[in-house]
Amino acid sequence: MKLYINKLTLILFIVTIFTSCDDKGYDKFENKKTDTAEMNGEWYIDIIDEASGDVLVQHTKHITYDSNMGDGKMFINDFQNGYYLGGLVNTDTKNLTFSTTDEENFQDPGSTFNITEGKILKGMARSKNGTVVDSIYFKGEFSYDPGTIIIFAGHKRTGFLEDEY
């Protein structure tokens with residue numbers, strides 16, 4: 001009886017192996033980049049009052065990421081670490097520029113923001129440790145303080161411990 005159970009177990013094991021190796025569908029997989037892949041990343045940004053030149057916040061982390069809607073838009077989000085900025089921006093992926101007007105600010109409900117002159121410059125900045133990285137720059141204006149322009153300027157995060165702030 002024990003030999004019969006061992007043979008049955010072996011047969012079931014072999015059948016499971018052969019049927020679980022079905023590769024249907026794998027040949028149809030396409031690894032696609034999102035629309036704004038070249039513009040996505042984590043950034044260390046300094047926030048500066050344009051009128052006075054005063055630095056309001058230094059090295060605050062912002063993240064840019066694709067909307068995944070195929071519409072060429074991306075999110076910008078500071079996760080309430082800087083100026084409470086979060087929403088969708090329109091992108092021009094050929095020129096690596098972005099902007100928006102009267103975008104609902106999901107980090108500060110009830111407010112909106114404008115972004116102008118948004119751009120990402122490939123290889124035009126240096127991290128804390130001196131590594132060449134991408135640069136980001138844009139101007140922001142918030143509905144709760146119209147007319148006040150805030151400059152956001154910084155560089156891409158490398159992920160290396162020596163570059164963390």
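Two strands pair if DSSP finds at least two bridges between them. Keep that in mind for the first stops. The model on screen is predicted.

**Stop 1: strand β7**

Select residues 132-142, which make up strand β7. Eight of these eleven residues are buried, so the strand is largely enclosed by the rest of the structure.

Now add β8, residues 150-156. β7 and β8 run antiparallel and are joined by six bridges. Pick Tyr137 and look across to β8: the residue opposite is Ala153.

Next, add β6, residues 112-126. β6 pairs with β7 in the antiparallel sense too, over nine bridges. Follow the chain from β6 to β7 through the hairpin, where five residues lie between the two strands. Stop at Gly130 in that turn and check its phi: the angle is positive, about 100 degrees.

**Stop 2: Ser135**

Stay in β7 and select Ser135. Which residue of β6 is its bridge partner? Leu121 is. Ser135 has a relative accessible area of 13%, under the 20% limit, so the residue counts as buried.

Show its contacts, leaving out residues up to four places away in sequence. Ser135 touches Lys119, Ile120, Leu121, Met124 and Ala125, as well as Trp43, Gly154 and His155.

**Stop 3: aromatic rings**

Turn on the rings of Phe, Tyr and Trp. The count is eight aromatic pairs. Start with Phe75 and Phe106, an edge-to-face pair with centres 6.0 Å apart and planes at 65 degrees. Phe75 sits in strand β3 (residues 73-77), while Phe106 is in the loop between β5 (97-104) and β6. The two are 31 residues apart, so trace the chain between these distant parts. Phe106 is partly exposed, at 39% relative accessibility.

Move to Tyr83 and Phe142. This pair is tilted, at 5.5 Å centre to centre and 40 degrees between the planes. Tyr83 lies in the loop between β3 and β4 (86-92) and Phe142 in β7, so the pair ties together parts that are 59 residues apart in sequence. Is each partner buried or partly exposed? Tyr83 is partly exposed at 24% relative accessibility, whereas Phe142 is buried at 4%.

Add Phe113 and Tyr144 to the selection. Ring pairs link these two with Tyr83 and Phe142 into a cluster.

One more ring: select Tyr165. Lys128 lies over its face, 5.3 Å from the ring centre.

**Stop 4: salt bridges**

Side chains of opposite charge can pair when their charged atoms come close. This structure holds eight salt bridges.

Begin with Lys122 and Glu38, which meet at 3.5 Å, N to O. Lys122 is in β6, and Glu38 is in the loop between α1 (2-20) and β1 (41-49), 84 residues apart. Both ends are partly exposed: Lys122 at 36% relative accessibility, Glu38 at 41%.

Jump to Arg157 and Glu42, where the N to O distance is 2.4 Å. Arg157 is in the segment after β8 and Glu42 in strand β1, with 115 residues separating them. Arg157 is partly exposed at 27%, as is Glu42 at 26%.

Return to the β6 and β7 strands and pick Glu117 and Lys139. Their closest N and O atoms are 3.4 Å apart. Glu117 belongs to β6 and Lys139 to β7, 22 residues apart. Glu117 is partly exposed at 45%; Lys139, at 15%, is buried.

Finish with Glu38, Lys122, Asp134 and Lys156. Salt bridges with shared partners join these four into one network.

Note on methods: Residues numbered from 1 in each chain as written. Predicted model: local features only at pLDDT ≥ 70, side-chain atom pairs only at ≥ 80, totals over all residues. Heavy atoms only, no water. Buried < 20%, exposed > 50% of the residue type's maximum accessible area, 1.4 Å probe, protein only. Helix = DSSP H or I, 4+ residues; strand = E, 2+ residues; numbered from the N terminus. Contact = heavy atoms within 4.5 Å. Phe/Tyr/Trp six-rings, centres within 6.5 Å; stacked < 30°, edge-to-face > 60°. Lys NZ or Arg CZ within 6 Å of the ring centre and 35° of its normal. Salt bridge = Lys/Arg side-chain N within 4 Å of Asp/Glu carboxyl O.
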